[in-house]
Number of protein chains: 2
Amino acid sequence: MNSKFLCPEALEIQSSLLYPDSGLIVCDARIKELYPDFFAANQAPTCLIAAGEDAKNLNTVQSLYQFFLRNSLGRSDMVHVFGGGTICDLAAYAVSTYKRGCRLQLYPSTLLAMVDAAIGGKTGINFHNLKNHIGSFYPAERVILHKAFLQTLAPDELRQGMAEMLKAHMLFEELPLPDFTGTEIPDEEDLLAHALYKMSVCQEDPFDKGPRMLLNFGHSFGHALESHSAYRIKHGDAVAAGMNMACDFSLQMNFIDRQQYNARKETLKLYPYPAELLDYMQSIGFEELYPYLIQDKKNGANLRLILPVGAEIKLVELNEV
Amino acid sequence: MNSKFLCPEALEIQSSLLYPDSGLIVCDARIKELYPDFFAANQAPTCLIAAGEDAKNLNTVQSLYQFFLRNSLGRSDMVHVFGGGTICDLAAYAVSTYKRGCRLQLYPSTLLAMVDAAIGGKTGINFHNLKNHIGSFYPAERVILHKAFLQTLAPDELRQGMAEMLKAHMLFEELPLPDFTGTEIPDEEDLLAHALYKMSVCQEDPFDKGPRMLLNFGHSFGHALESHSAYRIKHGDAVAAGMNMACDFSLQMNFIDRQQYNARKETLKLYPYPAELLDYMQSIGFEELYPYLIQDKKNGANLRLILPVGAEIKLVELNEV
């Protein structure tokens, strides 16, 4: 963490990619393939990483440290990170711990990263199959949304971001729902609305002690599903499934009545769950997820979950389950 | 880093060791040997570490993560760290990055750690022979000074702390000088004066962007000496030697006149330099240290050093050396 919390991160929409004029680049290998012109023109030393949960470990972090060291990265030098959530989380963690923190600018390349992962300063890597178990709070100085990146996204990846937009809508109805048919990418206005919503919640609660926790709706069950499936289930899909499980659990515990349950499920039904995920959701019970749930970072001695309670969504602490 | 910067660390003198009533303990193996009664009575899960610069690496950090994981450490659980500077730096780094930061209390066991290393939130481990190259800003909630620890310190170790007290005196004359004959350990009043001085400078400038940098007087040359000697020269000794080199450099650059030089050297002469160190100081030239100096965390493109300039001690940026 650093003083950037005192001067909050800035958000910017860029219609064409600008060359970073100095500093280092960390980049998802696929982005370099998709945008060869940009990277041919660019002179900054570049470290390519093959994206994916597998890359989010201490070994990759060490190879980033080595890249920084080879290129004499100083504290006041900028690291420009191009990539989806995993690359942003991973590279931001490395930047935050190198020389106790260097300068950081994020260029999220997926919808998920644009509306969620790249915003709010949570960095992280996995440890022993536990997601984001090691990490820091380290917001980027600027998060740059470059809409063209979305045009090269597979529908599968676009859906992952839509899941977070669905979650944000569940928490704050005024936020627009995305086009779940996947025929259109979100327009600039919707993108900004979602990114700014995330940013405002995080700035109100940078260290995740209060209202920000609600953004984890669907995430406790979701992370557990991701871990249990050894990351075969993708993050957005897992969150969408997790919100369903949270509603089921709330109904079971009488935190919500049948009518409230149906209303929430109605909205959640809009999400285009892949068939494989639906099968998985039906085959897995709460007992199998429990060991993963108690490893969740939010938990102390007791299990804490974000759940629908009446008309609200709240953090609930469960003493005995 | 975390919100603790908003509620600053507290300092406490304890006349007898109290059992932590909950949480985990990370402890220098030697302290457990020296205080068997305390550790026999204590029930908290304990991880022992053999102190020394060799331990300050990512492997030890991983073994701490594993200890935390095995004992289901939660974000709101406390980790109590007993040890000198290396153990405090290392364990605090692990705590700061585990689940993005758990609770931390430090019980520094050396004079150096009491008046310097344990205070102000700098954590760190070494990387590729570069000292504290990876780290975070993460102040402990409380730093507990237990004077009895000083009675079991070897004179050699006591001297390392005295070097930092000498440095603090060079920066702020009102601070008492320690007894360099090494026959008496500092009294409570002097200990507190030095610890509080460090704490006040750090709280004014938690992220090391301004006045706190001056606390690095002697450290750029000192760290370079430590690295160059592969940590054969101890930190305090290296800082004492480093302050001499800084004065020599300032005289050479005409930043101070002969009279100012002599006055500073007069005070620095009080330090009981070991014979081996004096030999080392005479045998090594600025050219050999230069590669280590430019790796210093304070440096961007230009070399930046804390140097005597006239009657002051200042951060100086050198464009061409």
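Helix axes are taken here as lines fitted to C-alpha atoms over the stretch in contact, with angles running from 0 to 180 degrees between N-to-C directions. In this predicted model, helix α7 (residues 155–171) of chain A packs against α10(A) at an angle of about 35°, the two axes lying 7 Å apart, and the crossing of α7(A) past α10(A) is left-handed. The α7(A) side of the contact includes Arg159(A), Glu164(A), Leu166(A) and Met170(A), while the α10(A) side includes His235(A), Asp237(A), Val239(A) and Met243(A). By class, the residues of this contact comprise 7 nonpolar, 4 polar and 4 charged.

Helix α10 (residues 235–252) of chain A also approaches helix α11 (residues 258–268) of chain A, their axes coming within 10 Å and crossing at roughly 170°; the two helices are therefore roughly antiparallel to each other. Met243(A), Asn244(A), Cys247(A) and Leu251(A) of α10(A) meet Tyr261(A), Arg264(A), Lys265(A) and Leu268(A) of α11(A), a contact with 5 nonpolar, 1 polar and 2 charged residues.

In chain B, an open sheet of 6 strands with parallel pairing follows the order β1-β8-β5-β4-β2-β3. Strands β1 (10–14) and β3 (46–49) of chain B stand at the edges, each with a single partner strand, so that one side of each lacks a neighbour in the sheet. Neighbouring strands are turned by 20° against each other on average, direction ignored. Strands β2 (residues 24–28) and β4 (residues 78–83) of chain B pair in the parallel sense over 4 bridges, and Val26(B) has Val81(B) in β4(B) as its bridge partner. Helix α4 (residues 85–97) of chain B packs on this sheet, touching β2, β3, β4 and β5 (103–108) of chain B, and its direction makes about 165° with that of β4(B).

Terms used:
Residues numbered from 1 in each chain as written. Chains lettered and ligands numbered in written order. Predicted model: local features only at pLDDT ≥ 70, side-chain atom pairs only at ≥ 80, totals over all residues. Parallel < 35°, antiparallel > 145°, perpendicular 65-115°, else oblique. Contact = placed C-beta atoms within 7 Å. Nonpolar A, V, L, I, M, F, W, Y, C, P; charged D, E, K, R; others polar. Left-handed = near helix turned anticlockwise from the far one by under 90°. Pairing = 2+ DSSP bridges.
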